[in-house]
Amino acid sequence: MNEIQEVVERKAALLETGDARAILSHYAPGFVEYSLAPPLRQPGDVRDPAALQAWLDTFAAPPRREVTRLEITTDGDVAFTTSLDRMTAVPRGSTESFCLWFRVTLGLRRIDGRWLVTHEHESVPFEMDGSFRASTGLTPTD
């Protein structure tokens with residue numbers, strides 16, 4: 001389980017470097033991604049660093065991602081993790097940072113001796129009062 005924890009935490013730490021290729025090196029070919037951004041499922045080969053780099057370039061400096069409440073379940077060469085992650089960043093052109101908590105589920109497989117992400121799902125809850133607003137102000141104590 002330590003190897004899986006290292007992959008999850010290393011991937012998060014690499015975000016702060018702004019190195020899209022290094023981040024994507026932790027993903028298997030053909031992995032499935034359901035990210036916070038539209039569309040409902042990311043199309044095509046999301047291991048192409050161009051899209052991730054374009055998103056990273058929207059910030060004054062690369063975002064910081066903190067993985068909390070990480071839980072890991074394994075069975076042979078397959079694993080999944082759940083966590084509550086916090087991203088902090090300053091959008092380009094702004095002087096104020098924002099902080100966003102979100103839920104993350106990863107599916108991983110051991111491929112050629114390495115644990116690689118094969119499925120990633122990130123989500124933010126939304127208000128069930130009919131407004132359908134994203135609940136971006138939540139923290140793990142909520």
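**Figure 1. Arg69, a residue of strand 2 with a positive phi.** Start with Arg69, which is found in strand 2 of this predicted model. Its backbone has a positive phi of about 50°, although Arg69 is not a glycine.

**Figure 2. Thr68, a buried residue of strand 2.** Stay in strand 2, which covers residues 64-75, and you'll find Thr68. Is Thr68 buried or exposed? Thr68 counts as buried because its relative accessibility is 15%, and the cut-off for buried is under 20%. Who does Thr68 touch, once residues up to four places away in sequence are left out? The answer is Ser83, Leu84, Asp85 and Trp101. Take a good look at Leu84: its backbone oxygen lies 2.5 Å from a polar atom of the Thr68 side chain.

**Figure 3. Arg92, out in a loop.** Now hop over to the loop between strand 3 (78-89) and strand 4 (98-111), where Arg92 lies. Arg92 has a relative accessible area of 53%, so it is exposed; the cut-off for that is over 50%. Arg92 still has company: leaving aside residues up to four places away in sequence, it touches Asp57, Thr58, Phe59 and Ala60. How far is Arg92 from Thr68 in space, C-alpha to C-alpha? They are 26 Å apart, with their positions 24 residues apart in sequence.

**Figure 4. Asp112, a loop residue with a positive phi.** Asp112 sits in the loop between strand 4 and strand 5. Asp112 isn't a glycine, yet it has a positive phi of about 50°. At 80% relative accessibility, Asp112 counts as exposed.

**Figure 5. The buried side of helix 3.** Helix 3 runs through residues 49-56, and its buried residues are Pro49, Leu52 and Leu56. Why are these residues on the same side of helix 3? Because they cover an arc of only 70° around the axis. Here's the rule of thumb: an α-helix has 3.6 residues a turn, so residues three or four places apart point the same way. And what do the buried residues of helix 3 pack against? Their partners are helix 1 (2-15) and helix 2 (20-24).

**Figure 6. A nonpolar patch on the surface.** Last stop: Phe126, Met128 and Phe132 make a nonpolar surface patch of about 390 Å². One of them, Phe132, is found in the segment after strand 5, which spans 114-123. Phe132 is exposed, with a relative accessible area of 57%.

Definitions and conventions: Residues numbered from 1 in each chain as written. Heavy atoms only, no water. Buried < 20%, exposed > 50% of the residue type's maximum accessible area, 1.4 Å probe, protein only. Helix = DSSP H or I, 4+ residues; strand = E, 2+ residues; numbered from the N terminus. Arc of directions from axis to C-beta. Contact = heavy atoms within 4.5 Å. Patch = residues over 30% accessible without salt bridge, like charges linked within 9 Å, V, L, I, M, F, W, Y side chains within 5 Å. Areas by Shrake-Rupley, 256 points an atom, 1.4 Å probe, with all protein chains shown as cover. Salt bridge = Lys/Arg side-chain N within 4 Å of Asp/Glu carboxyl O. Polar contact = N/O pair within 3.5 Å; in protein donor to acceptor, adjacent residues only side chain to side chain.
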